[in-house]
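Here are some exercises to work through with the model open in your viewer. Try each task before reading its solution.

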Amino acid sequence: MDSTAKPDTDLAVCRLLCFGMLNDLPGIPVGEIPHFPDTDAFTTWLQAQCPELKSMVYALALNREIVQENRPIPAGAELALLPPFSGG
């Protein structure tokens, strides 16, 4: 990952949602955020905003789909941080 990840200021903003314990972390900019070209760049930027995330387990959803590998982020996308969960 590029530790100097920067937002793509030429495109529309995206929206970030947080759930569970992640919603209480300081430094996470919930709401409108700058657009990033892909999820790796976004994650690098987010971890710079909230270093606690580097040691936490969480899932990232892009437009309501959990992603586990780098994906392009379309302009106006919705990103969400999800705490660990189990099904039953």
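**Exercise 1. Find how many aromatic pairs there are, then follow the ones around Phe42.**

Start with the rule: rings of Phe, Tyr and Trp (its six-membered ring) pair if their centres lie within 6.5 Å, with planes under 30 degrees apart called stacked, over 60 edge-to-face and the rest tilted. That gives 3 aromatic pairs. One of them joins Phe36 and Phe42 edge-to-face, at 6.1 Å centre to centre and 65 degrees between the planes. Phe42 also pairs with Trp45, this time tilted, at 6.3 Å and 40 degrees. Put together, ring pairs make a cluster of Phe36, Phe42 and Trp45.

A word on the ground rules: this is a predicted model, where local features need pLDDT of at least 70 and side-chain atom pairs count only at pLDDT 80 or more, while totals for chains, interfaces and linings use all residues. Residues are numbered from 1 along each chain as its sequence is written, and side-chain values use heavy atoms, with hydrogens and water left out.

**Exercise 2. Place Phe42 and Trp45 in their helix, and work out whether H1 is enclosed or open.**

Helices (H or I, at least four residues) and strands (E, at least two) are DSSP runs, numbered from the N terminus. Phe42 and Trp45 sit 3 residues apart in H1 (residues 39-49), about one turn of the helix. At the N-terminal end, Asp38 caps H1, with a side-chain oxygen 3.2 Å from the backbone nitrogen of Asp40.

Now check burial (buried is under 20% relative accessible area, exposed over 50%, partly exposed in between; 1.4 Å probe, protein chains only). Phe42 comes out at 1%, and Phe36 is also buried at 1%. Because 8 of the 11 residues of H1 are buried, the helix is largely enclosed by the rest of the structure. The cover includes strands E1 (14-18), E2 (31-33), E3 (59-62), E4 (65-67) and E5 (78-82).

**Exercise 3. Which residues have the most contacts inside the largest nonpolar core?**

A nonpolar core is a set of buried Ala, Val, Leu, Ile, Met, Phe, Trp, Tyr and Cys residues joined through side-chain atoms within 4.5 Å. The largest has 21 residues, and Ile28, Phe42, Leu79 and Leu81 have the most contacts inside it. E1, H1, E3 and E5 each supply at least two of its residues, and H1 gives the most, with 4.

Zoom in on Phe42: leaving out residues up to four places away in sequence, Phe42 touches (heavy atoms within 4.5 Å) Leu16, Ile33, Phe36, Leu60, Ile73 and Leu79. Finally, a second, separate core of 5 residues includes Leu17, Ala59, Ala61 and Ala80.

How values were computed: A polar contact is a pair of N or O atoms within 3.5 Å; within protein, one must be able to donate a hydrogen and the other to accept it, and residues adjacent in sequence count only if both atoms are side-chain atoms.
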